[in-house]
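User: Walk me through this model, please. I'd like to hear how each label is earned.

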Amino acid sequence: MVRGAGGLVALGLLTALTEAHHSFSAEFDIEKPIKLVGTITEMRWSNPHAWIYIDVKDDAGMVVNWALEMQGANALVRRGWRPADVPIGTLVTVEGWAARSGKPAANTNTITLPDGRRLFAGSPTGEGPPK
Amino acid sequence: MPGPHGPGMHPRLMTIRLLTCVLTLACAAPAVAQESAASIPRLPNGRPDLQGIWQVRNRAAYDLEDHVARDGMPAGRSVVEGGAIPYQPWALARKQERFANRATADPLAQCFMPGVPRIMYMEFPFQIFQTPDHVAMLFEWQQVYRLIYTNGSKPNEGLEFWMGDSRGRWEGDTLVVEVTNHNDRTWLDGSGNFHSNALRVTERYVMRDRDTIEYSATLEDPKVFTRPWTIRMPLVRHTDMPRLLEYQCRAEMEEANGDFEREPRTWYPGPSAAPPSRRLAASRPASARASAPPGVDLNGFYQADHGGANWGFEPHKELFTPGGRGVLVDPPKMPYQPWAVEEKVSRNLPERGYDDPTAHCFVGGVPRAIYVPSPLYIMQTPRYVVILHERMAWRIIPLDGRARLPDTMRLWMGDSLGWWEDQTLVVETTNLNGKTWLNEVGDVLSYAATVIERFTPIDAKTVRYEATVDDPVVYTRPWTIALPLRREPGELLEVACLEDNQDLQHLKDVRDAARKEKGAGR
């Protein structure tokens, strides 16, 4: 079961920032907000950022694998998440900002599960670690 | 006349025999062990006192089994009981394949964490610190550490770590440590010996005499081996090494291959340059005490209430540098010299995100490691305060009034000396290498900095942290930040930043594109 994430909604803030170890404005473009719908192909349970990979079908029907950066695995663990909570094949909706490099990569603001629960919405202020 | 080592042995022969014994690992003479068991150092609670700087004297790091010399690899005898590792047939084939590809396939070729037990027999010293509830092992190699819980707690379920999860208990005078939760990415040595994530390691630490710990590790892994097997070797105390230094494996590699470039204005210029005069006095006062005041115990797990310091010390609130209440207490604005303002502005260009050392997963430095948004563990012993950072870095702060390192010895985490003033732990850090940034918005620190930190317990859950930075190369005057450290129930996890770093390539792409554009514009 998913624990600890219900009801936490990020209001225009970056989830990954709470564990950041690099400049976000250097890697991602605030002028390029994106919304993606796709199925999880891999989850890297890593620090200081976890990464989730999803297959997204573009307008021409081609499938592109996107790399999506989240807050760190340790923050997720401390909020009760475990790898088994996010199985491969889950359909998710992701909102975030695209990478400056032009590659299919983005920083995530919110990840929404089919039942409406939001994953990994982070600490809304940067004032201390997520609980 | 019969002596303790045999009848009529000449003293010089005895010395040779002892030396040979150390070199060949055949030291566990039972008679000697019995003689000295009563004389080993002990903590006030009666447990053997394992504290000190230790290292093996063998070639197990290269190959656990018997091996003749190979290119870049000295010969060595097996430390495996029975001689050979009992691989399942498929696993032996896999080992041989890894052996053939070891120059590039070995995780240590990337400076990744070695895992347990491999870290125990690398050719680098490590220091043990001990309290009734914990045994910490701090390794010179890449600032890796192990925090072994001896408080009866249980491992984290469902998680894997490069360095495993270590829970210890005392069986008489033997420290027994169960190491579980391994991943399947570490090797056992430089010859491709390996395990799966089903590995379970049972270590035993027995003090044979003041300067020798008999170390053994039994490895069980039903996916890879046909039966449990054991390695055994002495750990030998360094009696002439007052402190660990640093070997930042990855940083050294990236400096050598050009992936991390020199910043001439902040990096230590070498002894030829006249050092700028320090304005803060070298300040261990007459009232300084080496021992903590009664009742003051900093031991515990902390999260910095960091106030967004990793994105700026002054108040700030922007999307990509989120919520900062401001931690700068004096003066109101950072007192930059003009050149350093320009440098800071430059560091905020997208193409310079790559230049932040923490983007490379190098250690954060002082004071940054305190307020990056990852927890830390403080260990306090009578002679030291030790800070373990979840982002795999440590700081050893001796309280004994020892001399500083010479000026030419420059370290990522600097040279920290500490003392107590009333209820406050004061830590003065110099000998920084000037390679770190103060935060992600590029606040500047140079090799010339002196950092004075004050840790003052306010109540059971709060330590007030204050850092004054005096850096005459960068600033016109000293400045001070302050923030609370919150003591909570909690355990450190592991940040395998380097091992899982996927951001650096993106940042490099951005930098390289900008450089290409600039080149084309000329």
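Analyst: Let's start with what counts as a strand: a DSSP run of E at least two residues long, numbered from the N terminus. By that numbering, B:Gln143 sits in the loop between strand 5 and strand 6 (145–149) of chain B. Keep in mind that the model is predicted.

User: What makes B:Gln143 count as buried?

Analyst: The cut-off is 20 or more other C-beta atoms within 10 Å. B:Gln143 has 23 such neighbours, so it counts as buried. Its phi is positive too, at about 55 degrees, although B:Gln143 is not a glycine.

User: Why is B:Asn181 called partly exposed?

Analyst: Partly exposed falls between the two limits, 12 or fewer for exposed and 20 or more for buried. B:Asn181 has 19 other C-beta atoms within 10 Å, so partly exposed is the right label. B:Asn181 also has a positive phi, about 60 degrees, without being a glycine. Look for B:Asn181 in the loop between strand 8 (174–180) and strand 9 (200–209) of chain B.

User: What makes a positive phi or a cis bond worth pointing out?

Analyst: Most residues other than glycine have a negative phi, and most peptide bonds are trans. There are cis bonds to show you here: one joins A:Asn47 and A:Pro48, with omega about -5 degrees. A:Pro48 belongs to the loop between strand 1 (28–44) and strand 2 (51–57) of chain A. Another cis bond joins B:Val366 and B:Pro367, where omega is about 5 degrees. B:Pro367 is found in the loop between helix 6 (338–347) and helix 7 (368–371) of chain B.

User: How do you know that helix 3 (residues 89–100) of chain B has the span it should?

Analyst: The expected span is 1.5 Å times one less than the number of residues. For the twelve residues of helix 3 of chain B that comes to 16 Å, and the end C-alpha atoms are 17 Å apart, so the two agree. Helix 3 of chain B is hardly covered, though: one of its twelve residues is buried.

User: What makes strand 16 (residues 376–380) of chain B mostly covered?

Analyst: Five of its five residues are buried. B:Leu376, B:Ile378 and B:Gln380 point one way from strand 16 of chain B, while B:Tyr377 and B:Met379 point the other way.

User: How do you know that strand 16 of chain B joins strand 17 (residues 384–389) of chain B?

Analyst: Pairing takes at least two DSSP bridges. Strand 16 and strand 17 of chain B have five, running antiparallel, so by that rule they pair. One of the bridge partnerships puts B:Tyr377 with B:Leu388. The two strands form a hairpin with three residues between them. Strand 12 (residues 300–304) of chain B is also antiparallel to strand 16 of chain B, with three bridges, and B:Gly300 stands opposite B:Ile378.

User: Which residues touch the most other members of the largest nonpolar core?

Analyst: B:Ala136, B:Tyr145, B:Val386 and B:Leu388, out of 113 residues in that core. Strand 5 (residues 134–139) of chain B gives the largest share, five residues. Domain 1 (33–237) and domain 2 (250–270 + 282–504) of chain B both give residues to this core, so it lies between them. Take B:Val386: beyond its neighbours within four places in sequence, its contacts include B:Phe129, B:Ala136, B:Leu138, B:Met379 and B:Trp394. A second, separate core has 24 residues, among them A:Phe28, A:Ala50, A:Trp51 and A:Ala98.

User: How many residues of domain 1 of chain B are in contact with domain 2 of chain B?

Analyst: 17 residues of domain 1 are in contact with 19 residues of domain 2. Strand 4 (126–130), strand 5 and strand 6 of chain B each give two or more residues to the domain 1 side, and strand 5 gives the largest share there, three residues. That side divides into twelve nonpolar, five polar and no charged residues. The C-alpha centres of the two domains lie 31 Å apart.

User: And what about the chains as wholes?

Analyst: Chain A has two helices and six strands, in the order α-β-β-β-α-β-β-β from the N terminus. Of its 131 residues, 47% count as buried. Chain B has eight helices and 23 strands, and 43% of its 522 residues are buried.

Technical notes:
Residues are numbered from 1 along each chain as its sequence is written. Chains are lettered from A and ligands numbered from 1 in the order in which they are written. This is a predicted model: local features need pLDDT of at least 70, side-chain atom pairs count only at pLDDT 80 or more; totals for chains, interfaces and linings use all residues. Helices (H or I, at least four residues) and strands (E, at least two) are DSSP runs, numbered from the N terminus. A nonpolar core is a set of buried Ala, Val, Leu, Ile, Met, Phe, Trp, Tyr and Cys residues joined through C-beta atoms within 7 Å. Domain bounds come from an automatic or database domain assignment. Two residues are in contact if their C-beta atoms, placed from the backbone, lie within 7 Å. Ala, Val, Leu, Ile, Met, Phe, Trp, Tyr, Cys and Pro count as nonpolar, Asp, Glu, Lys and Arg as charged, and the others, Gly among them, as polar.
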